[in-house]
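Reader: I am a first-year student, and I would like a close look at the largest pocket of this protein. Could you please describe what lines the pocket and then set it beside the other parts of the interior?

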Amino acid sequence: MTSWLPGWSTTPPGSDDLVLALTGNSVARIEGHWLVRWQQAEALAVTGLTPVSLGQWGGQPLYVVELDADRLPDTVETIPLRDAILMMEDAPVEMLGTGFQIWQWWRDHRFCGRCGGVTGLHPLERAKWCEPCGIPWYPRVAPCVIVVIRRENRMLLARSSRVKRHFYSLIAGFVEPGESLEQAVAREVKEETGLDVDNIRYRSSQPWPFPHQLMVGFFADYVGGDLVLQEDELADAGWYGAEDLPPVPPITTIAGRLIREMVRELRQQREDQ
């Protein structure tokens, strides 16, 4: 797939520049394409909302823009972002996620959160700028921990009470003010499952646009406690081995990758015994 180079520009798009078209919480594909020329999308764009720079795609300037849902012709296919990331192999996942986060920040900071005045563009950085207050409003990033809990030769997998898909995934939650990532892991696990963990170790991270997280992945070891689910967060949970996994998230997600890493670790340990 053509490479994407993230970046920022204050120059408006030309008619032949590429745009990622969104509508609500969905990607708008025109004639089956993830990206289209600005001249194809301009007449459908929401009035008063200008495209925002995302960098370059294949050496060409790339922008994100929102289309008016009431004016979309039949040639435009709308795909929920979550479906695109979780279910479509040809989706440019990283670029789609960044595009949604940048567009949401752009819409949410049209006005200054302190004085209520209209914000403009910062001349040097990707930021909205309030001239009277002298405040830059940057895209928001919220750190969120996600963890594989290991107990001997099994791992804890849980099904969310909020998500309709039947994936079994991992315990996750937002980091609170004044809290380290490791402290957040231990607290979230305790709150949602009643379990205690230690040997908390970093594995990997992934930006996640629902709505603007940075998912920070860990492994941890079970040390005690009985499984008691926080019902408003989890519908079901259990301990699973490498050979008896329930349906889990795809490898495009950090949860899917962490689970598969633990599967390899469990299998390797079994072979070494």
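Author: **The largest pocket and its surroundings**

The lining of the largest pocket is made up of 16 nonpolar, 6 polar and 7 charged residues. The model examined here is a predicted one. In total, 29 residues line this pocket, and the space within it comes to about 880 Å³. Nearest to the centre of the largest pocket lie Arg82, Ser160, Val163, Ala172 and Trp208. Both helices and strands contribute to the lining: the elements that supply two or more residues are the helices α2 (81-87), α4 (181-193) and α5 (254-272), together with the strands β11 (142-151), β12 (154-160), β13 (171-174), β14 (196-208) and β15 (213-224).

The second largest pocket holds about 230 Å³ of space. Its lining has 15 residues, and those nearest the centre are Asn25, Leu81, Phe100, Pro209 and Phe210. Two elements, α2 and α3 (93-108), each give two or more residues to this lining, with α3 providing the largest share, 5 residues. By class, the lining of the second largest pocket divides into 8 nonpolar, 5 polar and 2 charged residues.

We may now turn from the pockets to the packed interior. In soluble globular proteins, nonpolar side chains tend to be buried together. The largest nonpolar core in this model has 47 residues, and the members that touch the most others are Leu20, Leu62, Leu96, Met155, Leu157 and Leu170. Leu170 serves as an example: beyond its neighbours within four places in sequence, Leu170 is in contact with Ile146, Val147, Val148, Leu156, Leu157, Ala255, Leu258 and Ile259. There is also a second, separate core of 19 residues, with Val216, Ala220, Leu234 and Ala237 among them.

Methods:
Residues numbered from 1 in each chain as written. Predicted model: local features only at pLDDT ≥ 70, side-chain atom pairs only at ≥ 80, totals over all residues. Heavy atoms only, no water. Core = buried A, V, L, I, M, F, W, Y, C linked by side-chain atoms within 4.5 Å. Buried < 20%, exposed > 50% of the residue type's maximum accessible area, 1.4 Å probe, protein only. Contact = heavy atoms within 4.5 Å. 1 Å grid on protein atoms, 1.4 Å probe; cavity = no way out; pocket = protein on both sides within 12 Å on 5 of 7 lines; lining within 4 Å. Points joined across faces, edges and corners; volume = space filled by probe spheres on them. Helix = DSSP H or I, 4+ residues; strand = E, 2+ residues; numbered from the N terminus. Nonpolar A, V, L, I, M, F, W, Y, C, P; charged D, E, K, R; others polar.
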